[in-house]
Amino acid sequence: MSFNTIDDLDPGQRVLVRLDLNSPVEDGTVQDNRRFERHAETVRELAERGDRVVCMAHQGRPGDDDFVSLRQHADILAEHVGRDVGFVPDTYGPEAIEAIEALDAGEILLLENVRMCEDELPEASPETKADTEFVQTLAPAFDAYVNDAYSAAHRKHASIVGFPLALPAYAGRVMESEYEANTAIAERDFDGQVTMVVGGTKASDVISVMEALDEKVDQFLLGGIAGELFLRAAGYPVGEDVEGMDLFDEQWERNADTIRSVLDERGDAITLASDLAYEDAEGERAEIDVEAIEEKTQGFLDVGSETVETYAPIIHESEAVFVKGALGLFEDERFSVGTVGVLEAIAETDCFSVVGGGDTSRAIEMYGLDEADFSHVSIAGGAYIRALTGESLPAVDVLEDAA
Ligand SMILES: Nc1ncnc2c1ncn2[C@@H]1O[C@H](COP(=O)(O)OP(=O)(O)O)[C@@H](O)[C@H]1O
Ligand SMILES: O=C(OP(=O)(O)O)[C@H](O)COP(=O)(O)O
C-alpha cells in the first residue's frame, strides 16, 4: 500500500474521519444505503480501539433539493455501527469544538454537512485548502486525520485534500479496499470479451469512460438517461426534456458533439436499447419499440424487456463485465426490469464483474441479489470511473504524499 492505514495509527487518539454518506433523499427523508454499512466498519473499529471519533461528511450541493442537514445520517450511521453517534449542527464553530472536546474515549460524533461551510467546495490545491479557516480551526482539535471517503476522492475539497497537510493522515478501511480493487482492475488484462453496461443520469461520466476504455472494452450496452441521449444522436426522437424535466437538454447541449463522434467511431461496439418503458394512463408499466416512437410526449423510465433479452446473452458470453449507472429508475419496481435483468445475468455467470455507482449498487440489496455473486461492488460512481480509466485521485495523491 502506498499510503498509511489505520494499522499505522496508534489507538486512543482524537481522530477526524472523512466519510462519504452522500445519499438519495426522498421527500426530505435520507435513504439508507451501502455507504453507511461500509463506513460503519471503519468507525466501529476506531471506536472499539478507544479513539475519540469525529466524523465529517457531505450531502448534496448548495441549491439542490438533497442539500440537507446530516442529523438523520447520524441516526442511520448509529444503527450500522451499533453504538450511539452524537450530532452537532455546526462544522467548525465554537459549538462543534465544544462537542469535540467533551468526547470520551470510544465515543462518536458527526459534524454538520461540510458543504455548509464556505471553505469546503471551490476546488483548489491541497496547499490552498489547508490554509483555509475551516482546516486551520478544526485541525488543532485532533491528533490524526483518516480519509475513508473513496467515493469523493476525485474532489479537491477542503475536507478531502486540506486536512492531510495539517494532520498526520491515514486511509480508512473503505478507502483501502476500494482503492485496491478498482486500481487492480485498471491494470488487469482479459483474454475474452469485455463488456461494459453504462447508464445512469450523468452523460459526461459515460462518455469519458467510453472514450478512455475504448481499447479495453469490446461491447458497451447502454441504458438510462445517458442511453437515451445516444438514441437521440442515432436519430430517434427521444433524449429531450418534456413536461418540466431537466435531465436531457442541458446535457445534450454540452455533449452532443462528443456523443455523435463516439457513436460514429465506435458504433459497432455500442448496443443501444431497442425498446423503452414508460408509465401509461393507468399508471402501469408499458413498453414501446424505439422504431415506433414518433415523438417523445412523456418520460421513458427504463429500457424494455426486448433490450434485456438482447443484453443478457452478450453478458453470458463475456469474461468480464463492468457496470456504471442504472438502466432505468430502478427505485420504482415497475422500472427496475432493465437494471435488475442485467444484474441477474451477471450474477448467473462466473465472469469477473464489478458494479459501481453509489445509486446503482443500491439495486443489489433492494432486489435481493447476493453481493457474493459479483467480484466487487463499489460504492463509488465518479471516483470508480476515474480509477477504471487510470486517472489519479487527488485524495489518494495527498495520502501518498503524506506517507
Ligand atoms: N430513464 C431514467 N429516468 C430517470 N432516472 C433514471 C433513468 N435511468 C436511470 N436513472 C437513475 O439513475 C440513477 C443512477 O445514476 P447515476 O447517478 O449516474 O449513477 P451512480 O450514482 O450509481 O453513479 C438511478 O438512481 C436511477 O434512478
Ligand atoms: O456521490 C458522490 O459521487 P457519485 O454520484 O459519483 O457516486 C460523491 O459523494 C461526490 O459527490 P459530488 O458529485 O456532489 O461531489
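Q: Angles between a helix and a strand run from 0 to 180 degrees between N-to-C directions, with axes fitted to C-alpha atoms. On that basis, which strands does helix H3 lie across?
A: This is a predicted model. In it, helix H3, residues 94-101, lies across strand S4 (52-56), S5 and S6. H3 runs at about 170° to S6.

Q: What's the strand order in the open sheet that has S5, S6 and S4?
A: The order is S5-S6-S4-S1-S7-S8, so to read it along the sheet, with 6 strands and parallel pairing.

Q: Which are the edge strands there?
A: Strand S5 (86-88) and strand S8 (169-171), each of which pairs on one side only. From one strand to the next, the twist averages 25°.

Q: Back to S5. How many bridges does it make with S6?
A: S5 and strand S6, residues 108-111, pair over 3 bridges in the parallel sense. Phenylalanine 87 has leucine 110 in S6 as its bridge partner.

Q: And helix H6, what does that lie across?
A: Helix H6 covers residues 158-166 and lies across strand S1 (14-18), S4, strand S7 (144-147) and S8. The angle between H6 and S7 is about 145°.

Q: OK, other sheet. What's the order of the strands around S9 and S15?
A: S11-S10-S9-S15-S16-S17. That is an open sheet of 6 strands, with parallel pairing. Its edge strands are strand S11 (270-271) and strand S17 (376-377), and each pairs on one side only.

Q: How many bridges join S9 to S15?
A: There are 5, between S9 at residues 194-198 and S15 at residues 320-324, and the two strands run parallel. One of the partnerships links methionine 196 with phenylalanine 322 in S15.

Q: Which helix lies across S9 and S15?
A: Helix H11, residues 305-316, does, and it also lies across strand S10 (219-222) and S11. H11 runs at about 150° to S10.

Q: Switching to empty space. How many cavities of 30 Å³ or more are there?
A: The structure holds 2. The largest cavity has about 50 Å³ of space, and the second largest has about 30 Å³.

Q: What lines the largest cavity?
A: Ile185, Ala186, Leu213, Lys216, Val217, Phe322 and Leu388. Phe322 is the S15 residue that is the bridge partner of methionine 196. By class, the lining has 6 nonpolar residues, no polar ones and 1 charged.

Q: And the second largest cavity, which helix gives the most to its lining?
A: Helix H12, residues 337-348, gives 3 residues. The lining includes Val197, Val323, Thr339, Val342, Leu343 and Thr360. The classes come to 6 nonpolar, 3 polar and no charged residues.

Q: What about the second largest pocket, how much space is in it?
A: About 160 Å³. Among its lining residues are Tyr179, Thr183, Ala186, Glu187, Glu391, Asp397 and Glu400. Ala186 also lines the largest cavity.

Q: Which helix gives the most to that pocket's lining?
A: H7, with 4 residues. Helix H7 (173-187) and helix H15 (394-402) each supply at least two lining residues.

Q: How do the classes split for the pocket, and which domains does its lining draw on?
A: The lining has 5 nonpolar, 3 polar and 4 charged residues. It draws at least three residues from each of domain 1 (6-176 + 394-402) and domain 2 (183-369).

Technical notes
Residues numbered from 1 in each chain as written. Chains lettered and ligands numbered in written order. Predicted model: local features only at pLDDT ≥ 70, side-chain atom pairs only at ≥ 80, totals over all residues. Heavy atoms only, no water. 1 Å grid on protein atoms, 1.4 Å probe; cavity = no way out; pocket = protein on both sides within 12 Å on 5 of 7 lines; lining within 4 Å. Points joined across faces, edges and corners; volume = space filled by probe spheres on them. Nonpolar A, V, L, I, M, F, W, Y, C, P; charged D, E, K, R; others polar. Domains from an automatic or database assignment. Contact = heavy atoms within 4.5 Å.
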